[in-house]
Amino acid sequence: MSDSGRADALLADLPRDGRGRLKVFLGAAPGVGKTYAMLQAAHTQLRQGVRLIAGVVETHGRAETEALLSGLPQQPLLRSEYRGVMLEEMDLDGLLAAKPKLVLVDELAHSNAPGSRHEKRWQDIQELLAAGINVFTTVNVQHLESLNDQVRGITGVQVRETLPDWVLQEADELLLIDLPSRELLERLRDGKVYVPEQARAAIDAFFTQTNLMALRELAMQTAAAHVDDDLAQGYRQLGQAAPAVRGRLLVGVDGDAQAERLVRHASRVAQRRHLPWSMVHI
């Protein structure tokens with residue numbers, strides 16, 4: 001690598017305006033290996049001398065994931081009682097006080113316990129980033145807000161925990177953790193994702209091979225769109241104009257019950273194809 005190339009690489013690793021960097025491990029469904037990949041990456045950082053803390057990692061009882069986590073520094077979770085149930089959440093203030101270089105925060109779309117400072121875990125992550133702390137996190141594609149209707153159409157399931165698309169779009173790095181549908185189904189049947197009773201119910205409902213193939217395609221499209229955005233940013237940094245977009249997208253709505261769904265879908269298509277788009281009321 002040339003001296004200028006090394007300089008560019010070093011600059012790319014620096015926080016923007018003191019802000020931490022966000023790396024997202026994206027998957028098509030639970031069980032593809034997002035958390036495992038995140039923990040492997042964390043061990044690499046640890047060997048390189050990076051001071052890191054696991055803020056919250058959901059192992060779901062998977063032995064291989066628990067083994068990887070056990071070798072990392074961990075921040076104790078906060079415990080609180082809500083309606084007779086003991087809940088555990090990430091200790092955001094403890095992490096901010098510790099000021100590590102890197103924090104691991106599993107399940108980006110998670111809803112925090114009532115009474116937490118932020119309603120959503122992605123908001124906790126925004127506070128860590130604002131404090132100059134780098135974050136590794138994980139998320140499944142079905143939690144993206146703009147894909148909510150599409151995922152429901154594919155699976156018949158209304159995903160309740162969602163996050164705004166801009167959270168993913170602002171990630172400094174997005175890594176797709178991919179696993180063929182057949183292999184994921186084998187992991188389910190072998191009890192490597194859920195306990196046997198839960199696995200059987202999951203295969204019969206959400207985790208059909210057709211559903212998994214469709215979700216996998218959505219995850220690939222989302223990752224490809226992020227790569228396109230990075231490429232466009234690269235052109236801007238070089239002072240060059242990105243390739244001209246072709247055409248425009250126009251969506252017409254008349255205020256009926258389908259209007260919101262159409263607008264979300266149009267926004268997603270326009271983002272994926274880098275098209276300017278407009279909405280008109282008919």
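## Strands, core and aromatic pairs in a predicted model

Strand 2 and strand 5 (residues 102-105) run parallel and are joined by 4 bridges; strands pair if DSSP finds at least two bridges between them. This is a predicted model, in which local features need pLDDT of at least 70, side-chain atom pairs count only at pLDDT 80 or more, and totals for chains, interfaces and linings use all residues. Residues are numbered from 1 along each chain as its sequence is written, and side-chain values use heavy atoms, with hydrogens and water left out.

**Overall make-up**

- The protein has 11 helices and 9 strands, where helices (H or I, at least four residues) and strands (E, at least two) are DSSP runs numbered from the N terminus.
- Of its 282 residues, 42% count as buried; buried means under 20% relative accessible area, exposed means over 50%, and partly exposed lies in between (1.4 Å probe, protein chains only).
- Among contacts with a separation of 6 or more, 70% come from residues 24 or more positions apart, with contact meaning heavy atoms within 4.5 Å.

**Strands and their turns**

- Within the parallel pairing you have just met, Ile53 has Val103 of strand 5 as its bridge partner.
- Strand 2 (residues 52-56) has 5 of its 5 residues buried, so the rest of the structure largely encloses this strand.
- The loop between strand 2 and helix 3 (63-70) holds His60, a residue with a positive phi of about 55° although it is not a glycine.
- Another non-glycine with a positive phi of about 55° is Glu107, placed in the loop between strand 5 and helix 5.
- Glu107 counts as partly exposed, at 28% relative accessibility.
- Strand 3 (residues 78-82) and strand 4 (residues 85-89) run antiparallel, with 5 bridges joining them.
- Arg79 pairs across to Glu88 in strand 4, and the hairpin has 2 residues between the strands, with Arg83 taking a positive phi near 55°.

**The nonpolar core**

- A nonpolar core here is a set of buried Ala, Val, Leu, Ile, Met, Phe, Trp, Tyr and Cys residues joined through side-chain atoms within 4.5 Å.
- The largest such core has 62 residues, and those touching the most other members are Leu104, Val105, Leu128, Val139, Leu163, Leu184 and Phe207.
- As general background, nonpolar side chains tend to be buried together in soluble globular proteins.
- Val105 is worth a look in the viewer: leaving aside neighbours within four places in sequence, its contacts include Met38, Val56, Met90, Ile125, Leu128 and Phe136.

**Aromatic pairs and a charge over a ring**

- There are 2 aromatic pairs, counted when the ring centres of Phe, Tyr and Trp (its six-membered ring) lie within 6.5 Å; planes under 30 degrees apart are stacked, over 60 edge-to-face, and the rest tilted.
- Phe25 and Phe136 form an edge-to-face pair, because their ring centres are 5.7 Å apart and their planes stand at 70°.
- Since Phe25 lies in strand 1 (residues 22-27) and Phe136 in strand 6 (residues 134-140), this pair ties together parts that are 111 residues apart in sequence.
- Phe25 and Phe136 are both buried.
- Trp122 and Trp166 also make an edge-to-face pair, at 5.5 Å centre to centre and 90° between the planes.
- That pair links helix 5 (residues 121-130), home of Trp122, to helix 7 (residues 165-169), home of Trp166, across 44 residues.
- Trp122 is buried at a relative accessible area of 12%, whereas Trp166 is partly exposed at 37% relative accessibility.
- The charged end of Lys23 sits over the ring of Phe136, 5.4 Å from its centre; this needs NZ of Lys or CZ of Arg within 6 Å of the ring centre and within 35 degrees of the ring normal.

**Helix 6 and helix 10**

- In helix 6 (residues 148-155), the buried residues are Asn148, Asp149, Val151 and Thr155.
- Viewed down the axis of helix 6, these buried residues fall within an arc of 165°, so they line one face of the helix; the arc is that of the directions from the helix axis to the C-beta atoms.
- Gly156, just after helix 6, takes a positive phi of about 80°.
- Leu212 belongs to helix 10 (residues 209-237) and counts as buried, at 3% relative accessibility.
- Leu212 and Thr155 are 57 residues apart in sequence and 9.0 Å apart in space, C-alpha to C-alpha.
- Beyond its neighbours within four places in sequence, Leu212 is in contact with Ala29, Ser181, Leu184, Leu185 and Phe207.
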